[in-house]
2 protein chains.
Amino acid sequence: MNIGDVSARSGLPAKTIRYYEDIGLIKPLRSANGYRSFVAADLHKLAFLGRARALGFTIEDCRTLMALYHDESRASADVKHLAQEHLAKIEAKISDLQMMHNALTELVECCAGDDRPDCPILSDLSGISSGMT
Amino acid sequence: MNIGDVSARSGLPAKTIRYYEDIGLIKPLRSANGYRSFVAADLHKLAFLGRARALGFTIEDCRTLMALYHDESRASADVKHLAQEHLAKIEAKISDLQMMHNALTELVECCAGDDRPDCPILSDLSGISSGMT
DNA sequence: CCTTGACCTTCCTGTGACAGGAACCTCCAT
DNA sequence: ATGGAGGTTCCTGTCACAGGAAGGTCAAGG
C-alpha cells in the first residue's frame, strides 16, 4: 500500500506520515521504486498514533504509549500514570484559558462597541485599575 | 533605564523585550555604549503588551491593539470585534480540551492502574470499540 | 591599576508538530 | 509518447520566545 492509500484510510496527511517515519515512529518498507510500502501493522500503528494525538498526547508520549502497547509485560499503572499527567496538563491549560475567557468576557461586555473611541478593553490593557471587583 | 530594570519592573524577560524590539513593537533609544535606553513610554508599552499577552492575544493582535490604542479616532467597535474573535478562539480551544479531558478521564477511570498489563487506555488507542457509552 | 563579576550586546540554534512548496522521479492510461 | 496523478527528498516557515556562545561595558574592591 502506498502513502496515498494509507493517508486516506488513516485520515492522516501524507506529510504527517512521512514525518512520523522521520522521527522513527513507524518504519514502512520500501518498494523497488523507492515508494514507501505500508502493511497492516503500519496502518494499525498510524491509527493508534492518530487517536493518541487526538487525545492531545505529545509525540513523545505517543512513543512511550506505543512502546507500552508492544510490551507484553507492561504494568497498566505506567499507562495510567502517563495519562494522568497528561490530564493534569490539560486541566492546567483549561484553567488558564478559562481565566483568560472570564477576564476578556467581562471587558467585552463593558465595551460599547460603537464608533466612539472610549474602550474599557484598551483602558484595561493600558493599566487603568478599574476598581470594580 | 537599562533592560534589566525594565525587565524587573515589567515582569517580562529581557529576552522577550529584545524580541519585541526585533519585531518592531517597541523602539527604545540607545545609549552611547550601545545599551538600550528605555523611557516611561517604553515601560508603558511593555506593560500593555504583557497584559495583552496574558489575555492570550497573539503578537499580531497586540500590534493591532497598540495601534488602536494610539489612534485617537479609533472606534471601540474595532477593539471589541478583535476581542470577540479572540474570545471565539479561546472558546474553541477550551471546547477541544474539554472533549479530550472527558474522553481521557473516562479511560483513566476504567484503568486498574496496577501491575497487570490489561489496560483500557491502550485498548482504546489500539482501536478496540469498547461498546460502552 | 587590575580584576572580578554583573550587566549588556549580537548572533545562532532549538522548540513542537507539522505545512507549503520546489525540483525531480515513477507509474498508468491513452 | 505523453500527460497527469502519484511518489520522492530537501528546504523553509510557523509562533513566541529560551538557551547559550563570544565578546563589550561598568562599578566596586584589593
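Analyst: Happy to go through this with you! A polar contact here is a pair of N or O atoms within 3.5 Å. Keep in mind that this is a predicted model.

User: Thanks! How far is a phosphate oxygen of DNA strand D from a polar backbone atom of B:Ile59?

Analyst: A polar contact needs a pair of N or O atoms within 3.5 Å. The pair here joins a polar backbone atom of B:Ile59 to a phosphate oxygen of DNA strand D, and the computed distance is 3.3 Å.

User: Which residue of chain A has a backbone N or O atom 2.3 Å from a phosphate oxygen of DNA strand D?

Analyst: Let's start with the surroundings of strand D. Its 19 residues have A:Gly4, A:Tyr35, A:Arg36, B:Lys15 and B:Tyr20 as the closest. A:Arg36 places a polar side-chain atom 2.7 Å from a phosphate oxygen of the strand. The backbone atom at 2.3 Å from a phosphate oxygen, however, belongs to A:Gly4.

User: Which helix gives the most to the surface near DNA strand D?

Analyst: At least two residues each come from α1 (3–10) and α2 of chain A and from α2 (14–22) of chain B. With four residues, the top contributor is α2(B).

User: Turning to DNA strand C, what share of its atoms within 4 Å of the protein belongs to sugar or phosphate?

Analyst: Several polar pairs involve phosphate oxygens of strand C. A polar side-chain atom of B:Arg36 lies 2.7 Å from one, and a polar side-chain atom of A:Arg53 lies 3.0 Å from one. Bases make up the rest of the strand C atoms within 4 Å of the protein, while the sugar or phosphate share is 73%.

User: How many charged residues does the surface near DNA strand C have?

Analyst: Of the 18 residues around this strand, A:Lys15, A:Tyr20, A:Asn33, B:Gly4 and B:Arg36 come nearest. Sorted by class, seven are nonpolar and six polar, and the number of charged residues is five.

User: Why can the two copies be described by a two-fold rotation axis?

Analyst: A turn of 180° and a shift of 0.0 Å along the axis lay chain B on chain A, with an RMSD of 0.1 Å. The two copies are therefore related as by a two-fold rotation axis.

User: Which residue of chain B has the C-alpha nearest that axis?

Analyst: Both copies use the same surface, as 100% of the contact residues of chain B recur in chain A. In chain B, the C-alpha nearest the axis is 2.9 Å from it and belongs to B:Ile94.

Notes: Residues are numbered from 1 along each chain as its sequence is written. Chains are lettered from A and ligands numbered from 1 in the order in which they are written. This is a predicted model: local features need pLDDT of at least 70, side-chain atom pairs count only at pLDDT 80 or more; totals for chains, interfaces and linings use all residues. Side-chain values use heavy atoms; hydrogens and water are left out. A residue is near a molecule or strand if one of its heavy atoms lies within 4 Å of it. A polar contact is a pair of N or O atoms within 3.5 Å; within protein, one must be able to donate a hydrogen and the other to accept it, and residues adjacent in sequence count only if both atoms are side-chain atoms. Ala, Val, Leu, Ile, Met, Phe, Trp, Tyr, Cys and Pro count as nonpolar, Asp, Glu, Lys and Arg as charged, and the others, Gly among them, as polar. Copies are superposed by least squares on the C-alpha atoms of residues with pLDDT of at least 70 in both. Contact means heavy atoms within 4.5 Å.
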